[in-house]
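Biologist: I am new to this structure and would like a close look at a single part, the sheet and what surrounds it. Please take me through that part step by step, in one connected account.

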Amino acid sequence: MWRGLWTLAARAARGPPRACARRGSGAPGSGATIFALSSGQGRCALAVIRTSGPASAHALRSLTAPRSLPPARRASLRLLRDPRSGEPLDRALVLWLPGPQSFTGEDCAEFHVHGGPAVVSGVLQALGRVPGLRPAEAGEFTRRAFAHGKLTLTEVEGLGDLIHAETEAQRRQALRQLEGELGQLCRGWAETLTQALAHVEAYIDFGEDDHFEEGVLEQADRAVRALEGALGAHLRDARRGQRLRSGAHVVVAGPPNAGKSSLVNLLSRKPVSIVSPEPGTTRDVLETPVDLAGFPALLSDTAGLREGAGPVEQEGVRRARERLEQADLILAVLDASDLASAASRDFLDTVVAPRAAQSPGGSGQRLLLVLNKSDLLPAAGPEPRPGLPPHLLLSCLTGAGLDRLLEALKAELAAVCGDPATGPPLLTRARHQHHLQGCLDALGRYKGTSDLALAAEALRVARGHLSRLAGGGGTEEILDVIFRDFCVGK
């Protein structure tokens with residue numbers, strides 16, 4: 001239905017067909033004023049419709065009575081009327097936000113109307129009839145804010161991530177990026193390169209001058225070495241920021257009948273997998289996106305690992321082993337009352353032991369060993385088994401031990417995705433890594449040449465990568481990819 005309302009508004013804005021009509025580009029400075037529903041779609045108490053562009057004041061006067069502009073940045077109660085028929089549309093709060101003190105940097109107006117479909121449709125169609133106004137494209141308000149210097153490109157990306165955030169960790173990370181932490185870090189690095197470049201070029205021009213300060217090149221070399229270390233540390237984060245944005249891959253694995261499917265259902269809080277006492281019930285990989293202790297994750301339920309089953313189940317086992325290799329975090333599940341079985345021992349020796357031997361602080365796969373069915377154990381707990389790695393006791397039946405498991409998952413996922421509450425800003429997109437790697441490569445060329453002209457050029461290239469990361473340059477194609485993820489009213 002809402003798509004239909006937007007179509008009506010677009011038709012009203014276009015007016016009668018013309019032989020040579022050409023739609024405006026909407027680029028800042030083109031003279032076009034855009035409008036859109038900016039609040040969520042569907043029936044609601046209130047809906048927010050906004051405009052941006054030079055005709056915003058005219059649009060506000062055209063729809064309101066009285067027709068004088070309200071005081072800037074103060075909400076005013078006005079009767080909205082159709083500009084052609086004079087028919088009342090709604091009684092609404094309106095805001096006049098003259099540029100450049102607005103989100104986009106242009107003159108803006110907001111209409112806070114009642115959220116019924118008929119009201120929203122009437123106001124959108126009325127705006128479409130005002131000369132100089134047209135419906136906004138996806139992300140066009142934010143693109144204008146970027147073009148007018150209200151947001152850097154990394155802040156735009158943070159805003160997009162904040163709108164799409166589904167977990168607490170994603171919200172915290174997006175908010176840090178929107179507040180400009182990554183951009184500020186890149187600008188600091190760029191200033192370091194600018195100073196180093198100035199030293200090198202000064203030596204090229206004035207190095208033979210008797211009054212030229214000594215040690216200038218050494219200062220540049222020290223700055224480059226320090227920057228190399230900082231860039232290398234960010235690039236060694238094992239894609240943590242991208243995992244935080246898109247979700248870590250958590251694979252639940254173990255021998256048949258250990259309770260893997262029960263654990264997946266418990267963590268996802270819905271019946272994702274069939275649970276049965278019959279071994280080999282799960283024969284394919286079942287995946288579901290979940291919020292695990294505030295972190296986004298793709299949770300995979302896999303077939304029980306065993307030999308000698310039929311061809312269908314063996315294909316499931318093959319896929320399970322394939323997912324194990326791709327996992328960021330493995331939840332290894334064993335039956336706490338059956339640790340002495342051949343299947344449990346084989347799983348411990350082939351899956352758990354090799355990964356448990358890895359350095360806990362390394363960038364490889366992480367693993368949590370969960371002993372399920374603790375409700376079947378005697379009060380003393382499971383029988384001691386020599387060499388049993390650190391583990392957590394859990395009962396999927398009663399929920400005992402779930403809180404401790406969630407705490408352990410939070411710690412492991414913070415290591416996999418990065419903790420957005422602490423530490424330096426994370427790299428959330430492949431674009432960020434590409435430019436930092438390009439900057440690091442250019443610094444390597446600086447160190448590898450004795451020709452000062454080539455060294456200066458390498459510093460210019462390195463600084464250019466940092467500038468493009470923060471939005472100082474870039475192709476239209478890259479900008480299109482970033483802004484198309486926004487909704488129409490943003």
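Modeller: Strands here are DSSP runs of E with at least two residues, helices are runs of H or I with at least four, and both are numbered from the N terminus. The model is a predicted one, and I will begin with a residue that sits between two strands. Glu 106 is placed in the loop between strand 5 (88-97) and strand 6 (108-115). Buried means under 20% relative accessible area, and because Glu 106 has a relative accessible area of 11%, Glu 106 is buried. Its C-alpha lies 9.0 Å from that of Ser 56, although 50 residues separate Glu 106 and Ser 56 in sequence.

From this loop a polar contact leads into the sheet, for the side chain of Glu 106 meets the side chain of Ser 52 at 2.6 Å. Ser 52 belongs to strand 2, and with a relative accessible area of 0% Ser 52 is buried as well. Leaving out residues up to four places away in sequence, Ser 52 touches Ala 32, Thr 33, Ile 34, Thr 104, Glu 106, Asp 107, Cys 108, Phe 141 and Arg 144. The C-alpha atoms of Ser 52 and Gly 99 are 9.3 Å apart, while along the chain these two are separated by 47 residues.

Two of the residues that Ser 52 touches, Thr 33 and Ile 34, lead on to strand 1. Strand 1 (residues 33-37) has five of its five residues buried, so it is largely enclosed by the rest of the structure. This holds for both of its faces, since one side carries the buried Thr 33, Phe 35 and Leu 37 and the other carries the buried Ile 34 and Ala 36.

Strand 1 pairs in two directions. With strand 2 (residues 44-52) it runs antiparallel and shares four bridges, and Phe 35 has Thr 51 of strand 2 as its bridge partner. Between these two strands the hairpin has six residues, and in this hairpin Gly 42 adopts a positive phi near 115 degrees. With strand 7 (residues 133-135), strand 1 runs parallel and is joined by three bridges, and Ile 34 stands opposite Arg 134 of strand 7.

These pairings belong to an open sheet of seven strands, whose order is 3-4-5-6-2-1-7 and whose pairing is mixed. Strand 3 (64-65) and strand 7 form the edges, and each has a single partner strand, so one side of each is left without a neighbour in the sheet. Helix 3 (residues 117-128) packs on this sheet and touches strand 1, strand 2, strand 4 (76-81), strand 5, strand 6 and strand 7, while its direction makes about 155 degrees with that of strand 6. Helix 4 (residues 140-147) lies across strand 1, strand 2 and strand 7, and runs at about 135 degrees to strand 1.

To retrace the path, the polar contact between the side chains of Glu 106 and Ser 52 takes the reader from the loop between strand 5 and strand 6 to strand 2, where Ser 52 lies. From strand 2, four bridges lead across to strand 1, and three bridges then join strand 1 to strand 7, which stands at an edge of the sheet.

Note on methods: Residues numbered from 1 in each chain as written. Predicted model: local features only at pLDDT ≥ 70, side-chain atom pairs only at ≥ 80, totals over all residues. Heavy atoms only, no water. Buried < 20%, exposed > 50% of the residue type's maximum accessible area, 1.4 Å probe, protein only. Pairing = 2+ DSSP bridges. Contact = heavy atoms within 4.5 Å. Polar contact = N/O pair within 3.5 Å; in protein donor to acceptor, adjacent residues only side chain to side chain. Axes fitted to C-alpha atoms, helices over the stretch in contact; angles between N-to-C directions.
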